[in-house]
Amino acid sequence: MFEKGDYVVYGSTGICVVKDITAMEMQGADHEKPYYVLEPYGQPGRRIFTPVDNPKMKLRRISSKEEVLAMIDRIPQLEQIGVTEEKLREQVYKECMRSCDCVNWIRMMKTLYLRRQERVRQGKKVTATDERYYRLAEDNLFTEFSISLELPRQQVQGFITERLERVK
């Protein structure tokens, strides 16, 4: 169970802060059941309510600094996400985002980055779908890493690049 002030990753919403754990005072709600009151990171005032024991929604604590550093070090070995049918591409991206898994987000970003380079090399444009999902994954990943590493969000990409160059 999480506590007030904990940073969590909640489904496709991304990083949230646990603002409260309370019973719902709404008609039709189970007044005995505890709910998390979540505030999406960077969206003060917005509230999401989810049962503490909700089996349908992925909810996890953000990665520790040590876990983040280990993930960064593994990036060169991580495989791309295999999408053989173009029509299934967006569905695969959605599932990846819903997984709440940093490694999946990194794999998707790596896949989309290499796909972008290949398309540009062929004189093709980057698709709006690819760009949208790259930005979603990047935002979730870099926000989580920023909190875990205690770095400003805008410094995360440089930190990752620098660490990867040292690992080589």
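How many nonpolar, polar and charged residues does the lining of the largest pocket have? By class, that lining comes out at 12 nonpolar, three polar and six charged residues. Keep in mind that this is a predicted model, and every value here is computed from it.

## The fold at a glance

Start with the chain as a whole. The protein chain has five helices and five strands, and reading along the sequence gives the pattern β-β-β-β-β-α-α-α-α-α. If you want a feel for the dimensions, the C-alpha trace spans about 60 × 40 × 25 Å along its principal axes.

Of the 168 residues in the chain, 41% are buried. The chain exposes about 10300 Å², and carbon and sulfur atoms supply 48% of that area. As for contacts, take those between residues at least 6 apart in sequence: 54% of them join residues at least 24 apart.

## Two pockets

Now back to the pockets. The largest pocket has a volume of about 660 Å³. It is lined by 21 residues, and the closest to its centre are Ile-75, Tyr-113, Ile-160, Thr-161 and Leu-164. Three helices, α3 (102-121), α4 (128-149) and α5 (156-167), each supply at least two residues of this lining.

The second largest pocket holds about 180 Å³ of space. Its lining consists of 13 residues, with Thr-13, Gly-14, Ile-15, Asp-139 and Asn-140 nearest the centre. The elements giving two or more residues to that lining are β2 (14-23) and α4, and α4 gives the most, with five residues. By class, the lining of the second largest pocket divides into four nonpolar, six polar and three charged residues.

What does Asn-140 touch, once its neighbours within four places in sequence are set aside? The contacts of Asn-140 are Thr-13, Gly-14, Ile-15, Met-97 and Trp-105. Thr-13, Gly-14 and Ile-15 also turn up with Asn-140 among the residues nearest the centre of the second largest pocket. Asn-140 itself lies in helix α4, and it counts as buried because its relative accessibility is 6%, under the 20% cut-off.

## Helices α3 and α4

Helix α3 is worth a look in its own right. Its 20 residues should span 28 Å at 1.5 Å a residue, and its end C-alpha atoms are 28 Å apart, so the two agree. The buried residues of α3 are Cys-102, Val-103, Asn-104, Trp-105, Ile-106, Met-108, Met-109, Thr-111, Leu-112, Arg-115 and Arg-119. For reading a list like that, it helps to recall that an α-helix has 3.6 residues a turn, so residues three or four places apart point the same way.

Which elements do the buried residues of α3 pack against? They pack against β1 (7-10), β5 (59-61), α1 (65-74), α2 (89-98) and α4. One of the buried residues of α3 is Trp-105, which is also in contact with Asn-140.

Helix α4 has 22 residues and reaches 31 Å from its first C-alpha to its last, close to the 32 Å expected at 1.5 Å a residue. Just after α4 comes Glu-150, with a positive phi.

## Three loop residues

Most residues other than glycine have a negative phi. Cys-100 has a positive phi of about 60° although it is not a glycine, and Glu-150 is another non-glycine residue with a positive value, near 55°.

Are Cys-100 and Glu-150 buried or exposed? Cys-100 counts as buried, because its relative accessibility is 3%, whereas Glu-150 counts as exposed, because its relative accessibility is 73%. A third loop residue, Gln-43, is partly exposed. Here are the places and values side by side:

| Residue | Loop between | Relative accessibility |
|---|---|---|
| Gln-43 | β3 (34-40) and β4 (48-51) | 34%, partly exposed |
| Cys-100 | α2 and α3 | 3%, buried |
| Glu-150 | α4 and α5 | 73%, exposed |

One last distance concerns Gln-43: its C-alpha atom is separated by 14 Å from that of Val-9, and the two residues are 34 apart along the chain.

Terms used. Residues numbered from 1 in each chain as written. Predicted model: local features only at pLDDT ≥ 70, side-chain atom pairs only at ≥ 80, totals over all residues. Heavy atoms only, no water. 1 Å grid on protein atoms, 1.4 Å probe; cavity = no way out; pocket = protein on both sides within 12 Å on 5 of 7 lines; lining within 4 Å. Points joined across faces, edges and corners; volume = space filled by probe spheres on them. Helix = DSSP H or I, 4+ residues; strand = E, 2+ residues; numbered from the N terminus. Nonpolar A, V, L, I, M, F, W, Y, C, P; charged D, E, K, R; others polar. Buried < 20%, exposed > 50% of the residue type's maximum accessible area, 1.4 Å probe, protein only. Contact = heavy atoms within 4.5 Å. Areas by Shrake-Rupley, 256 points an atom, 1.4 Å probe, with all protein chains shown as cover. Expected span 1.5 Å × (residues − 1).
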